[in-house]
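Welcome! Have the sequence and the 3D view ready, and work through the exercises below at your own pace.

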Amino acid sequence: MRYIYLVGITGLILCSTSLLAQDTATYNKKLLEHIDKKYNGLTQLLSKNSSKAIEQLQRQEKVLIAKLSKQDSSKAKQLQLSSTAAYNDLPNQLVQAKGNSVAAVRNYIPALDSVQAMMGFINGGNVVKSVAGLQDQLQIANYTKTFLQNRRQALQAVLAGTPLVKQLKQVQKTAFYYQQQVEAYRQTLKDPDKLQKLALTQLSKLDAFKAFFAKNSQLASIFRMGVAENELDAASINGLQTRQSMRAALQQFESAGANPQQFVQGQVQSASGELQTFKNKINNAVGGNGEAGMPSFKPNTQKAKSFLQRIELGFNIQSLRPNGLLPVTSDLAFTLGYKLNSKSVIGVGLSYKMGWGNGISDMRITHEGFGLRSFVDWQIKGGFYISGGYEQNYMQSFNRLSALMNLPMSAWKQSGLMGISKKYKLGKKKGTLQVLYDFLHFSNQVNTQPVIFRTGFNF
């Protein structure tokens, strides 16, 4: 009997262990698929935007060279040779950019490194192609930014003193907006989603993962973490000094009776001065008055965002007093806006007119019509906007949606609106208040209100 009992307990433990292993494998598979989908998507977007920016700049250069040839053929030939050489050598430079250790240090993203190590740990120590591919594409994107800036400076140098120098603004826009797009993707990677955060939190408690990260992370590969000091090879870390070389240099100063601390401080001050001089040269070369890379035009803050990031969903409500044909009604409207830039939004909306009856003694909900809207908001100062719109409203009771099909044009009432909107913070949302005047209220057979007050919020 005892034997049967022990066998039963052992079987239960083995069964539980098997189920736990299956759950872990299922979770790991789900996490891998999630990362693959997300990072492959980002890689494709980065690659597409990089190719688009390069092609756009190349077209702009061809136009400038064609115009310059009519004014100064020698300068045009010089620019043509420079342009051809740069674009022919670009594929090789992009390949080399993926293995640039110094660039990897400068563009290191801790969150991405953690995810890369996590996925390698889960995948049995094997590299996850989607993560490695994204790392490579980020290196390519960073070099592409440098390439665009270099070409802009080359164009500036050749076109200086000619009327064509004013047309470099389009080239500057190409470089600036591409840089903004890359930075937006980097910010996305700096903030892992909930699934990634949960997995990292759990794995960070394991000693095995800590040891794996110390040997296999990008940070470890850059600084040779976990490798004995005598095994470090200065040649293997391109562009970076090792601790041995630094220690040897300081020992030489100590043996000569010099103070290493004073020497280092002096070198830092000297380097700061050289850096400022270099920045001033760059500013003079690009014709800027401020920091290098600062645009000479007013940037569109929405330009680098994706289509979905520029979408603004909203809801508002408007109440109307009763008249001869309609009871007390409330217009419930959902809107879909698109941000043209930081100041302007255009959009459309759909409204539903809900009737409340004719007083407390006669309260009932009825369907009193619906409407189609279009609108535009333009910021004038702070949270205040000038708002306008054109609307078509069906203002008759109905009981079935089928009754709304194939309505004649005469059934629609027009509204031409203009007024002021105020947008303010409402928790994580933005509250809105609107006061609008309907310039077409007199043309409707139904006696509608000329002044409309709406309140709502944007998601």
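Two residues are in contact when heavy atoms of theirs lie within 4.5 Å. Helices (H or I, at least four residues) and strands (E, at least two) are DSSP runs, numbered from the N terminus. This is a predicted model, in which local features need pLDDT of at least 70 and side-chain atom pairs count only at pLDDT 80 or more, while totals for chains, interfaces and linings use all residues. Residues are numbered from 1 along each chain as its sequence is written, and side-chain values use heavy atoms, with hydrogens and water left out.

**Exercise 1. Get an overview of the chain.**

Step 1. Begin with the elements: the chain has 11 helices and 8 strands.

Step 2. Next comes burial, where buried means under 20% relative accessible area, exposed over 50%, and partly exposed in between (1.4 Å probe, protein chains only). Of the 459 residues, 36% count as buried.

Step 3. Finally, take the contacts between residues at least 6 apart in sequence: 61% of them join residues at least 24 apart.

**Exercise 2. Describe how α4 packs against α8 and against α7.**

Step 1. Two packed helices are described by the angle between their axes and the distance between the axes. Axes are lines fitted to C-alpha atoms, for helices over the stretch in contact, and angles run from 0 to 180 degrees between N-to-C directions.

Step 2. Find helix α8 (residues 207-216), which packs with α4 at an angle of about 115°, the axes being 10 Å apart. The crossing of α4 and α8 is right-handed; a crossing has this hand if the near helix is turned clockwise from the far one by less than a right angle, and is left-handed if anticlockwise.

Step 3. List the residues that meet: D113, S114, A117, M118, G120 and F121 from α4, and A208, F209, F212 and F213 from α8. Sorted by class, this contact has 7 nonpolar, 2 polar and 1 charged residues. Here Ala, Val, Leu, Ile, Met, Phe, Trp, Tyr, Cys and Pro count as nonpolar, Asp, Glu, Lys and Arg as charged, and the others, Gly among them, as polar.

Step 4. Now turn to α7. The axes of α4 (residues 110-122) and α7 (residues 194-203) come within 11 Å and cross at roughly 70°. That makes α4 roughly perpendicular to α7 (the label covers 65 to 115 degrees; under 35 is roughly parallel, over 145 roughly antiparallel, and the rest oblique).

Step 5. The hand of the α4 and α7 crossing is left-handed. On the α4 side S114, V115, M118, F121 and I122 take part, meeting Q196, A199, L200 and L203 of α7. The class count for α4 with α7 is 7 nonpolar, 2 polar and no charged residues.

**Exercise 3. Which way do α2 and α5 run relative to each other, parallel or antiparallel?**

Step 1. Read the geometry: helix α2 (residues 73-97) and α5 pack at an angle of about 170°, with axes 11 Å apart.

Step 2. Apply the label: α2 and α5 are therefore roughly antiparallel.

Step 3. Look at the contact, whose members include L79, S82, S83, A86 and Y87 of α2, and F147 and R151 of α5. Its classes are 11 nonpolar, 6 polar and 2 charged residues.

**Exercise 4. What does R151 touch?**

Step 1. Locate R151 in helix α5. R151 is buried, with a relative accessible area of 5%.

Step 2. Leave out residues up to four places away in sequence; R151 then touches L57, E61, L79, S82, S83, A86 and Y87.

Step 3. Pick out E61, which forms a salt bridge with R151, the closest N and O atoms being 3.0 Å apart. A salt bridge is a side-chain nitrogen of Lys or Arg within 4 Å of a carboxyl oxygen of Asp or Glu. This pair links E61 in helix α1 (residues 2-69) to R151 in helix α5 (residues 129-159), 90 residues apart.

**Exercise 5. How many salt bridges are there in the whole structure, and which strands do two of them link?**

Step 1. A search of the whole structure finds 8 salt bridges.

Step 2. One pair is K423 with E312, whose closest N and O atoms are 3.8 Å apart. K423 belongs to strand β6 (residues 412-426) and E312 to strand β1 (residues 311-320), 111 residues apart. Both K423 and E312 are buried.

Step 3. Another pair is E391 with R454, at 3.0 Å between the closest N and O atoms. E391 lies in strand β5 (residues 384-394) and R454 in strand β8 (residues 451-458), so the pair ties together parts 63 residues apart in sequence. Salt bridges that share partners join D331, K353, R373, E391 and R454 into one network.
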